[in-house]
Amino acid sequence: MEPDSAPALPATSRRDRINPLALRELDARMRGGHAAGLLGVLIFVTSGVSLLVYAIAALVSANQGAGASRTVGTGVFYALVGMQLIVAAFAAPALTCGAISGERERRTFDLLRSTALTPWQILLSKLTASLGFSLLILLATLPLFSLAFLLGGIELSQMGMAVCLSVATAILFSVMGLCASCYAGSTVSAVVVTYGAILLILIGSGILLLALTGFLLPLTAGTAAGGRAAAAGESALAQVATLGLMSLSPISAFVASMLNFDNRNDMLRFSFNPGGPVSEPLWPAPFVILTVLYLFAAIVLLFLAARRLSRIDP
Amino acid sequence: MTSAVETRTLTRRFGKTVALDGIDFSARTSSAHGLVGPLGSGKTTLLRILAALLAPGGGEARVHGLSVSADPLAVRSITGYVPAEFGQYSNMTASEYLIFFAACHGVPSSERDPLARDLLQLVDLGHRGGTPLETLSPGMRRRLSLARALTHDPLVLLLDDPLGGLDPRGRVEVRELIRELRLMGKTILITSRNMGELEGLCDHITLLERGRIVATGEYAALASRLRPHRPMLITFLGESDAALAVAGSNAGVFDARLVADPTLAGAPPLVSEMRLNFDGDYVEASALLNDLLRAGVQVVSFVERADSLEAMFEEVRDGAR
């Protein structure tokens, strides 16, 4: 091999303040054709799904007259949010599952720990790079929502709700992957634990929700059963349980918040019986609860991960 | 001279396995101290505890007075740890590798480039700055690893089996580098399974076996204490009677015996080997050689047995059991 000289990297004082690990992670994550290719594929798939939904919705609502456009717009909106949630729930943690365990497997973890970097700096560097890329993907698909707005049936507050859900989901599930990576012995174990927990949240909460609403609290607003339950005063606990379960999964939180907005035209407050009396109790909307819950859980998991890395014998 | 590294009744277990069992150990400032022992003797565990990467199970470990348990970050700032295996990132050149770790150690950005160049020169990789890590030879990687450990100018270097897995040329290069680091005044702790590797590198040796120290001291004194005589191997042409007679008449020779080696037998001239233990210094050894030559013994080689240090370790270990 030909001898070569050391490349001179630009040295600026601003670099002193930037965490070098974060810089390296971002560089590795974003540099090269791999990141651009992945981004392009995801945008292409999301566009394709949106167009497919557009075509199907247009066919189904062809005889609805003036309301057809709104139906198609709503359908496209649901499809786009669904795609964003899939990216947030499944792609984001994939980027963090190997963050720490990968360092162990590369035999670089001890080298990093023997530097002046604190456990928090190591964790936040990893999270910044991974989450940054996930948020970039979400951001890149935002322009596609203009199609839904163009067709109508969607308001800005609904868009805000969808963004809140996607970002909160990406943050929590990324941190879950990072935390699992700190505790797991290998990246494979971290992946299994993380996706197991994600599926439990998405599917488990859905099954529990269906069981609860099917037996304890008929969810259909204004139904005789719902009214009876409310009148009997026995539904408060069931309502809390139902709302909690709805707020566990971004899918159910999104659907419930959308239906609530359609019925009450109120994005932040939620009612189980929108057609009932004024004294009907109002709850925070599921997406609000989910956002708060997810961010809180993410902070707790970050502390657990930092605690793990702080021990000098992980 | 003060102790750069000191442990008191240091213990560490992994499950039921005792890795370190009450180690009392110290290494003087600016000395090179070898930790020798077989696999599982606790060398790496001791090194990782001193690098504040592993918590002591009991007892205490201090580096320049700093407790590895109470102040791990401070300990890490004055130690440079080189693990046995080279940890590397993909898509990184040798220069970028050093610049990255210099940044992680808080070296100002304006100093990183010149520092990386100087370190690459020090480890004789000045011409390999732009070479991807994946394409470096094992010896080059080991030297780069040593350079990485120097990015924050540590007082103590902890080298885990730095000569293991290297070809002869790589060993020579790394040994030269370690000698240079000694001249720079660094305190160096080196682990090895092969005591002979550390000859000429370390002035102190500690022998470990199953997490316990079985012997420790200055290299020469330890060698002299554990084995007061030199195991010698003399190879010569012809019959062995004269050689045996000379050896038997020398007061410093013990246990002289001929070794039957079928590979040496065959057509004349007959090649013979004689093994003996010699209790004397180099002058007396030279006199013995002269006696052999004067007696007409056609000496082909007259050497201290290469396995003597390993044999010494085996004897010490067996005695400790």
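Which residues form one aromatic cluster with B:Y89? They are B:F86, B:Y97, B:F100 and B:F101. Before going further, keep in mind that this is a predicted model.

Let's stay with that cluster for a moment, since two arginines turn up beside its rings. A:R24 reaches in from chain A, and its charged end sits over the ring of B:Y89, 4.0 Å from the ring centre. B:R148 does something similar with another cluster member: this arginine lies over the face of B:F101, 5.6 Å from the centre of the ring.

Now let's zoom out. Over all chains, the structure holds 11 aromatic pairs. A pair like this is described by how far apart the ring centres are and by the angle of the planes. Take A:F77 and A:F254 as one of them: their centres are 6.0 Å apart and their planes are at 45°, which makes the pair tilted. Where do A:F77 and A:F254 sit in the chain? A:F77 belongs to helix α4 (residues 68-94) of chain A, while A:F254 is part of helix α13 (residues 250-264) of chain A, so this pair ties together parts that lie 177 residues apart in sequence. Are the two rings' residues buried or exposed? A:F77 counts as buried because its relative accessibility is 0%, and A:F254 is buried too, with a relative accessible area of 4%.

Helix α4 of chain A also takes part in another pair, through A:F90. The ring centres of A:F90 and A:Y195 are 6.3 Å apart and the planes are at 5°, so here the rings are stacked. A:Y195 lies in helix α10 (residues 187-215) of chain A, so the pair links parts 105 residues apart in sequence. As for the surroundings, A:F90 is partly exposed, at 32% relative accessible area, whereas A:Y195 is buried, at 19%. The cut-off for buried is under 20%, so A:Y195 falls on the buried side.

Back to chain B, this time for its helices. Helix α3 (residues 94-104) of chain B packs against helix α4 (residues 109-122) of chain B at an angle of about 125°, and their axes are 9 Å apart. Angles of 65 to 115 degrees would count as roughly perpendicular and those over 145 as roughly antiparallel, so α3(B) and α4(B) are oblique to each other. Their crossing is right-handed. If you'd like to find the contact in the structure, look in α3(B) for residues including B:L98, B:I99 and B:A102. On the α4(B) side, the residues they meet include B:L115, B:A116 and B:L119.

How values were computed. Residues numbered from 1 in each chain as written. Chains lettered and ligands numbered in written order. Predicted model: local features only at pLDDT ≥ 70, side-chain atom pairs only at ≥ 80, totals over all residues. Heavy atoms only, no water. Phe/Tyr/Trp six-rings, centres within 6.5 Å; stacked < 30°, edge-to-face > 60°. Helix = DSSP H or I, 4+ residues; strand = E, 2+ residues; numbered from the N terminus. Buried < 20%, exposed > 50% of the residue type's maximum accessible area, 1.4 Å probe, protein only. Lys NZ or Arg CZ within 6 Å of the ring centre and 35° of its normal. Axes fitted to C-alpha atoms, helices over the stretch in contact; angles between N-to-C directions. Parallel < 35°, antiparallel > 145°, perpendicular 65-115°, else oblique. Left-handed = near helix turned anticlockwise from the far one by under 90°. Contact = heavy atoms within 4.5 Å.
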